[in-house]
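Open the model in your viewer and keep the selection panel at hand. The tour goes stop by stop: what to pick, then what sits there.

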Amino acid sequence: MEQRIIISKNIGEELAKAISECEHDKLFVLTDETTHEKCWPTIGKLIRMRNAKVITIKATDSHKDIDSLAQIWQELGKGGATRHSCMVNLGGGMVTDLGGFAASTFKRGIDFINIPTTLLAMVDASVGGKTGMNFNGLKNEVGVFNDSKFVILDTEFLKTLDSENILSGYAEMLKHGLISNDKMWAQLVNFEISNPDFGLLQTMVADSVEVKKDIVKKDPYENGIRKALNLGHTFGHAFESWSLKRKPILHGYAVAYGLICELYLSSIKAGFPTDKMRQTVNFIRENYGTLGITCDDYDELIELMTHDKKNKAGIINFTLLENVGNIKINQTATIEEIKETLDFFREG
């Protein structure tokens, strides 16, 4: 069954309909401490949710781990969940990733519905069927592909976010624009993200989700064109893992920094237009600042890149662009080119 994505006008009605279409004996809701406080009251008062059992895990990506997963499984078991139960994941990407994985593996799989509450989860984590957890110090090291039955997107939840979390999600939208078309890319780099118009943002979120949905439909298991969605992520995941050992940064910030690097690599390897590269890089630098790496960190970053799941036989794999919307997957770069790119990232 294809994942159904609902751009919400009335969260109560849409959630009631989604739950009624997932036949179930018991209903569970997964939240983290933050979404339990800020977002659960919005749906907790609905008649449909009165008998739901709420499972609350610790917040932040550092808890997207085996301990939180075991807690979810234990509470599903204690709550009498069967293979005919249903779980609603209410939260950011950490909750939809971990909740999706827990639901996909408990009793060999129960139905789940994602209600992403962060911009990052709306345009990235909740759509496309990737679930998982961090393991052994590596991001999303263990997981499965499995679609939620429904994704309900409501930008009202975004009003509970701080600007850093808005920016974190916006980096994935920027990526979607770069792999899509000039019109979408131009709208994104000219949008006033520091003071967002939430009405316009809802439309932009819908467009962004459509880009991801179309690509995932063509290539659900990442054998070909789905690798387009990895733009910015080879460097980005390395930056993210590097920062976990120092001062952790949000995923979207890591992706934004990764976009700077991979657009520069695209310009020297694939002829991506310098003016578009500069315009995008300037937008990122103005809004996301920079990451304090030095040349002493290069070897560690390159080592982290070699662990990326997209690689084969130790060759670091990149998605690059010839132009906006003109995607080149399965590209490689020499160690010298990677170091030159890191120089560009540091020096601007």
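Select C22. At 1% relative accessibility, C22 counts as buried (under 20% relative accessible area; exposed is over 50% and partly exposed in between, with a 1.4 Å probe and protein chains only). Its closest cysteine sulfur is in C86, 4.5 Å away, too far for a bond. A disulfide here is a pair of cysteine sulfur atoms within 2.5 Å. This is a predicted model, in which local features need pLDDT of at least 70, side-chain atom pairs count only at pLDDT 80 or more, and totals for chains, interfaces and linings use all residues. Residues are numbered from 1 along each chain as its sequence is written, and side-chain values use heavy atoms, with hydrogens and water left out.

Jump to C261. C261 is buried too, with a relative accessible area of 0%. The closest cysteine sulfur, in C295, is 15 Å from the sulfur of C261, too far for a bond. How many disulfides does a search of the whole structure find? It finds 0.

Go back to C22 and add D111. D111 is in contact with C22, and also with S85, C86, M87 and K149, leaving aside neighbours within four places in sequence. Contact means heavy atoms within 4.5 Å. D111 belongs to strand β5. Helices (H or I, at least four residues) and strands (E, at least two) are DSSP runs, numbered from the N terminus. With a relative accessible area of 25%, D111 is partly exposed. Draw a distance from D111 to K149: their C-alpha atoms are separated by 6.6 Å, with the two positions 38 residues apart along the chain.

Step back along the chain to K107. This residue lies in the loop between α5 (93-105) and β5 (111-116). Its phi is near 55°, a positive value in a residue other than glycine. Most residues other than glycine have a negative phi. K107 counts as partly exposed, at 46% relative accessibility.

Now pick N330 for a second case. N330 also has a positive phi, about 55°, and is not a glycine. Here the setting is strand β10 (residues 326-331). At 38% relative accessibility, N330 counts as partly exposed.

Next, show the cavities. On a 1 Å grid over the protein atoms alone, a cavity is a set of points where a 1.4 Å probe fits but cannot get out; a pocket is an open set with protein on both sides within 12 Å along at least five of seven lines; lining residues have an atom within 4 Å of a point. Grid points are joined across faces, edges and corners, and a volume is the space filled by probe spheres set on the points. The count comes to 3 cavities of 30 Å³ or more. The largest cavity holds about 40 Å³ of space. Its lining includes Q3, T96, G100, F112, N114, K130 and T131. The elements that give two or more residues to that lining are α5 and β5. By class, the lining has 2 nonpolar, 9 polar and 1 charged residues. Ala, Val, Leu, Ile, Met, Phe, Trp, Tyr, Cys and Pro count as nonpolar, Asp, Glu, Lys and Arg as charged, and the others, Gly among them, as polar.

Which residues lie nearest the centre of the second largest pocket? Select G128, D147, V216, K217 and P220, from a lining of 15 residues. About 280 Å³ of space lies in this pocket. Helix α9 (residues 198-218) supplies the largest share of the lining, 3 residues. The classes there are 6 nonpolar, 4 polar and 5 charged.

Move to D124, in helix α6 (residues 119-125). D124 is buried, with a relative accessible area of 15%. Beyond four places in sequence, D124 touches E172, K175, K212 and H251. Add G169: its C-alpha is 7.8 Å from that of D124, and the two are 45 residues apart in sequence.

Colour helix α7 (residues 163-178). The helix has 16 residues and reaches 22 Å from its first C-alpha to its last, close to the 22 Å expected at 1.5 Å a residue. That expected span is 1.5 Å times one less than the number of residues. Is α7 largely enclosed or open? 13 of its 16 residues are buried, so α7 is largely enclosed by the rest of the structure.Finish at T155, in the loop between β8 (150-153) and α7. T155 counts as buried, at 8% relative accessibility. Not counting residues up to four places away in sequence, T155 touches M122, F198, Q202 and V205.
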